[in-house]
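Please examine the protein shown below and follow the explanation with the structure in view. The account begins with one helix and then turns to the whole chain, its interior and its surface.

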Amino acid sequence: MPEESTPQNETFNSSIDGKNSTDFDEASADQNCDNSELQESDGSGGPVDEKEIDDGSMSIIAHLEELRWRLIRAILAVLVCSGICYCFIEEIMTFISEPIGKLYYLQPSEAFFTYLKVSIFCGFILALPIVFYQIWCFILPALTIKERYIAAVIVPSSVILFLSGLAFSFFLVMPAALKFFGGFGSDSLMPMFSVARYFDFLFSFILPFGFVFELPLVIVIAAKLGFLSSKFLRDKRRYVIFLSFVIGAIITPTPDIFTQIMVALPMIILHELSYFIVRFVLRK
């Protein structure tokens with residue numbers, strides 16, 4: 001028997017329907033508010049991927065923008081340091097030209113452009129920690145926790161080894177090389193060094209030593225990744241000695257055997273040092 005509709009039942013049903021309608025409207029409003037917040041958090045106004053929010057990844061455009069600002073900061077650091085070095089260019093020139101003595105310039109603009117070249121080179125060396133810091137900040141988000149600890153050791157070690165190579169070349173190898181070359185002079189053949197030619201020779205002479213001194217770091221990283229072992233380094237020692245002299249003949253600015261030996265000898269010593277580290281420290 002169908003239930004008769006009473007005024008109380010109609011009032012109760014209408015109140016339930018009104019409450020359900022109100023709850024549905026509030027849920028829709030909350031969902032629309034959440035969607036608008038996601039759209040506002042994205043720079044382009046489009047929806048943001050929830051996975052991208054969770055893992056902190058960046059888009060290609062964001063990576064390029066980050067790279068652009070890191071490069072700008074690194075270049076500004078080099079320019080600022082170069083300006084500082086130019087303010088002390090007289091002292092720097094006196095220090096760098098100490099192994100050779102008095103210098104001459106043969107063209108009106110030769111001294112000015114040599115000053116600029118020396119300032120930029122010294123500014124780059126001075127700003128090297130900042131440059132490596134910008135590189136470190138750019139690659140840091142892509143590294144795991146373990147890789148960050150490894151990179152925290154590699155980055156300062158590479159700077160120290162590079163500067164050590166420059167110092168070794170300038171204070172030990174460069175004076176001996178100039179003395180060797182100066183021995184070819186005589187009473188009828190007097191040396192007169194141009195400032196531009198001297199600094200071109202200086203830069204091309206000391207820079208290879210900076211890269212050569214990175215050899216232990218490269219070998220240790222390769223051994224850590226499993227590409228090399230102490231047995232491999234021991235078995236290939238004869239090839240390392242031969243290739244050291246070949247590389248010394250290629251990267252040195254002069255063809256004499258003295259300069260080749262001065263480049264090859266540190267490479268052989270660094271190879272033996274790398275073998276010691278891989279064999280007794282890394283236990284590879």
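**From one helix to the whole fold**

Helix H12 contains 25 residues, and the distance from its first C-alpha to its last is 35 Å, close to the 36 Å expected at 1.5 Å a residue. These values, like the others in this account, are computed from a predicted model. After H12 comes Arg-283, whose phi is positive, near 60°. The same test of length can be applied to helix H6, residues 128–139. Its twelve residues should span 16 Å at 1.5 Å a residue, and its end C-alpha atoms are 17 Å apart, which agrees.

H12 and H6 belong to a protein that has twelve helices and zero strands. Read along the sequence, the pattern is therefore α-α-α-α-α-α-α-α-α-α-α-α. How much of the contact in the protein joins residues 24 or more positions apart? Among contacts with a separation of 6 or more, such pairs account for 79%.

The interior comes next. Of the 284 residues of the protein, 29% count as buried. In soluble globular proteins, nonpolar side chains tend to be buried together. The largest nonpolar core here has 34 residues, and those with the most contacts inside it are Ile-96, Val-118, Tyr-198, Phe-199, Leu-202 and Phe-205. At least two residues of this core are supplied by each of the helices H4 (89–96), H5 (110–126), H7 (145–182), H8 (195–212) and H12 (257–281). Which helix gives the largest share of this core? That helix is H8, with ten residues. The contacts of one residue illustrate how the core is joined: when residues up to four places away in sequence are not counted, Leu-202 touches Ile-96, Phe-170 and Met-174. Another core lies apart from this one; it has six residues, among them Ala-74, Val-78, Cys-81 and Ala-127.

Leu-270 gives a second view of H12, the helix in which it is found. Is Leu-270 buried or exposed? Its relative accessible area is 9%, so it is buried, the cut-off being under 20%. Leaving out residues up to four places away in sequence, Leu-270 touches Val-212, Phe-213, Leu-215 and Pro-216. Glu-214 is 56 residues from Leu-270 along the chain, yet the C-alpha atoms of the two are separated by 8.9 Å.

A return to H6 shows which of its residues are covered. The buried residues of H6 are Leu-128, Val-131, Gln-134, Trp-136 and Cys-137. Gln-134 counts as buried because its relative accessibility is 9%. With its neighbours within four places in sequence left aside, Gln-134 is in contact with Arg-70, Arg-73 and Ala-74.

Arg-70 leads to the salt bridges, of which the structure holds five. In one of them the side chains of Glu-66 and Arg-70 meet, at 2.8 Å from N to O. Why are Glu-66 and Arg-70 separated by about one helical turn? The reason is that they are four residues apart in helix H3. An α-helix has 3.6 residues a turn, so residues three or four places apart point the same way. Glu-66 is partly exposed, with a relative accessible area of 26%, whereas Arg-70 is buried, with a relative accessible area of 17%.

Helix H3 also holds Arg-68 and Glu-65, which lie three residues apart, about one turn of the helix. Their side chains meet in a salt bridge of 2.9 Å, N to O. Arg-68 is partly exposed, with a relative accessible area of 40%, and Glu-65 is partly exposed as well, at 35%. A further salt bridge joins Lys-231 and Asp-235, whose closest N and O atoms are 3.0 Å apart. Lys-231 and Asp-235 are four residues apart in helix H10 (residues 230–235), so about one helical turn separates them. Asp-235 is partly exposed, with a relative accessible area of 37%.

The last topic is the surface. The accessible surface of the protein comes to about 19000 Å², and 67% of it belongs to carbon and sulfur atoms. A nonpolar surface patch of about 980 Å² is made by Ile-60, Ile-61, Leu-64, Leu-67, Trp-69, Leu-71, Ile-72, Ile-75, Leu-76 and Leu-79. One of these residues, Ile-75, is found in helix H3 (residues 60–87).

Terms used: Residues are numbered from 1 along each chain as its sequence is written. This is a predicted model: local features need pLDDT of at least 70, side-chain atom pairs count only at pLDDT 80 or more; totals for chains, interfaces and linings use all residues. Side-chain values use heavy atoms; hydrogens and water are left out. Patches are made of residues with over 30% relative accessible area and no salt bridge: like charges are joined within 9 Å, nonpolar side chains (Val, Leu, Ile, Met, Phe, Trp, Tyr) within 5 Å. Accessible areas come from the Shrake-Rupley method with a 1.4 Å probe; for residues, only the protein chains shown count as cover. A salt bridge is a side-chain nitrogen of Lys or Arg within 4 Å of a carboxyl oxygen of Asp or Glu. The expected span of a helix is 1.5 Å times one less than its number of residues. Buried means under 20% relative accessible area, exposed over 50%, partly exposed in between (1.4 Å probe, protein chains only). A nonpolar core is a set of buried Ala, Val, Leu, Ile, Met, Phe, Trp, Tyr and Cys residues joined through side-chain atoms within 4.5 Å. Contact means heavy atoms within 4.5 Å.
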